[in-house]
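These are my notebook entries on one structure. I record here what I looked up, entry by entry.

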Amino acid sequence: MDPSKYEKYFSTDGFWSKLKKGAKKAGSKVIYSGLLLFYAVESPKTPLRAKVQVYGALGYLILPLDIVPDLLPIIGYVDDLSVLGLALAAVAKSIDDDVKRKAKSKLRDFLGDEVMSSKDIIDIDGQLVTDKDKDKDKDAAMPGVDLGK
């Protein structure tokens, strides 16, 4: 996926509009992933290269007509989740407790308190830890080289 193709489609208003309209239909995994990415972009810890990927992924999420149209029940967000997952892996090192806290707070606003104990949220948080560990292993293998910038 070429993120620059979708960067021009990202806007903060479009992002919030998409999430408000489609939160229940998209599901907690898509919404939480999108929120993590949104707040990661705002973080000064996120390198520019990762921000470009995030904008591309969020632009793809906003577009209603993509590889699998979001209008299709159940499967309409499968491709969006894949794109968001790739962007999360790229930015995992920049997702700290503050980013998670903001994303979870907004997720509660959209889907209620009970969503916080869902398997989807636990899975994403676990994957972030795994991705961070992979980044640490890469950094240890190549000291002095910063792959995130």
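**Entry 1: the aromatic pair**

I looked up tyrosine 39 and found a relative accessibility of 11%, so tyrosine 39 counts as buried, the cut-off being under 20%. I then asked which residue forms an aromatic pair with tyrosine 39. The partner is phenylalanine 38, and the arrangement is edge-to-face. I noted 5.3 Å centre to centre and 85° between the planes. Phenylalanine 38 is at 7% relative accessibility and therefore also counts as buried under the 20% cut-off. The structure holds one aromatic pair.

**Entry 2: status of the model and confidence**

I recorded that this is a predicted model. The mean pLDDT of the protein chain is 79, and 74% of the residues score at least 70. Which elements have the lowest and the highest mean pLDDT? Helix α1 (residues 4-7) has the lowest, at 57, and α6 has the highest, at 93. I kept a caution for later entries: predicted coordinates should not be read in detail where pLDDT is low.

**Entry 3: the chain as a whole**

I listed the secondary structure and obtained seven helices and zero strands. Along the sequence the pattern reads α-α-α-α-α-α-α. The chain has 149 residues, and buried residues make up 45% of them. I computed an exposed area of about 8,200 Å² for the protein chain, with carbon and sulfur atoms supplying 58% of it. Among contacts with a separation of 6 or more, 73% join residues 24 or more positions apart.

**Entry 4: the nonpolar core**

I turned to the largest nonpolar core, which has 40 residues. Which members touch the most other members? They are Phe15, Leu35, Leu36, Leu37, Leu58 and Leu107. At least two residues of this core come from each of α2 (12-26), α3 (28-42), α4 (48-62), α5, α6 and α7 (119-141). Helix α3 gives the most, with 10 residues.

I followed phenylalanine 15 further. Beyond its neighbours within four places in sequence, phenylalanine 15 is in contact with Phe10, Gly34, Leu35, Phe38, Leu58, Leu61 and Ile62. One of these contacts, Phe38, is the ring that pairs with tyrosine 39.

**Entry 5: glycine 34**

I located glycine 34 in helix α3. Is glycine 34 buried or exposed? Its relative accessible area is 0%, so glycine 34 is buried. With neighbours within four places in sequence left aside, glycine 34 is in contact with Phe15, Leu58 and Leu84. I checked the C-alpha separation of glycine 34 and leucine 84 and found 6.7 Å, with their positions 50 residues apart in sequence.

**Entry 6: the loop between α5 and α6**

I examined two residues of the loop between α5 and α6, beginning with serine 94. Serine 94 has a relative accessible area of 4% and is therefore buried. What does the side chain of serine 94 reach at 3.2 Å? I found the backbone oxygen of lysine 45 there. Not counting residues up to four places away in sequence, serine 94 touches Ser43, Lys45, Thr46, Pro47 and Val99. The C-alpha atoms of serine 94 and lysine 132 are 8.9 Å apart, and the two residues are 38 residues apart along the chain.

Aspartate 96 lies in the loop between α5 (78-91) and α6 (97-111). I found a polar contact of 2.9 Å between the side chains of aspartate 96 and lysine 45. A polar atom of the aspartate 96 side chain also lies 3.0 Å from the backbone nitrogen of valine 99. Setting aside residues up to four places away in sequence, aspartate 96 touches Lys45 and Lys132. Lysine 45 is thus on my contact lists for serine 94 and for aspartate 96.

**Entry 7: two further helix positions**

I looked up leucine 111 in helix α6. Leucine 111 is at 14% relative accessibility, so this residue counts as buried. Its C-alpha atom is separated by 9.3 Å from that of isoleucine 31, 80 residues apart along the chain.

I closed with glutamine 53 in helix α4. Glutamine 53 is partly exposed, with a relative accessible area of 30%. The C-alpha atoms of glutamine 53 and leucine 86 are separated by 8.8 Å, with 33 residues as their distance along the chain.

Methods. Residues numbered from 1 in each chain as written. Heavy atoms only, no water. Helix = DSSP H or I, 4+ residues; strand = E, 2+ residues; numbered from the N terminus. Polar contact = N/O pair within 3.5 Å; in protein donor to acceptor, adjacent residues only side chain to side chain. Contact = heavy atoms within 4.5 Å. Core = buried A, V, L, I, M, F, W, Y, C linked by side-chain atoms within 4.5 Å. Buried < 20%, exposed > 50% of the residue type's maximum accessible area, 1.4 Å probe, protein only. Areas by Shrake-Rupley, 256 points an atom, 1.4 Å probe, with all protein chains shown as cover. Phe/Tyr/Trp six-rings, centres within 6.5 Å; stacked < 30°, edge-to-face > 60°. pLDDT = per-residue confidence, 0-100.
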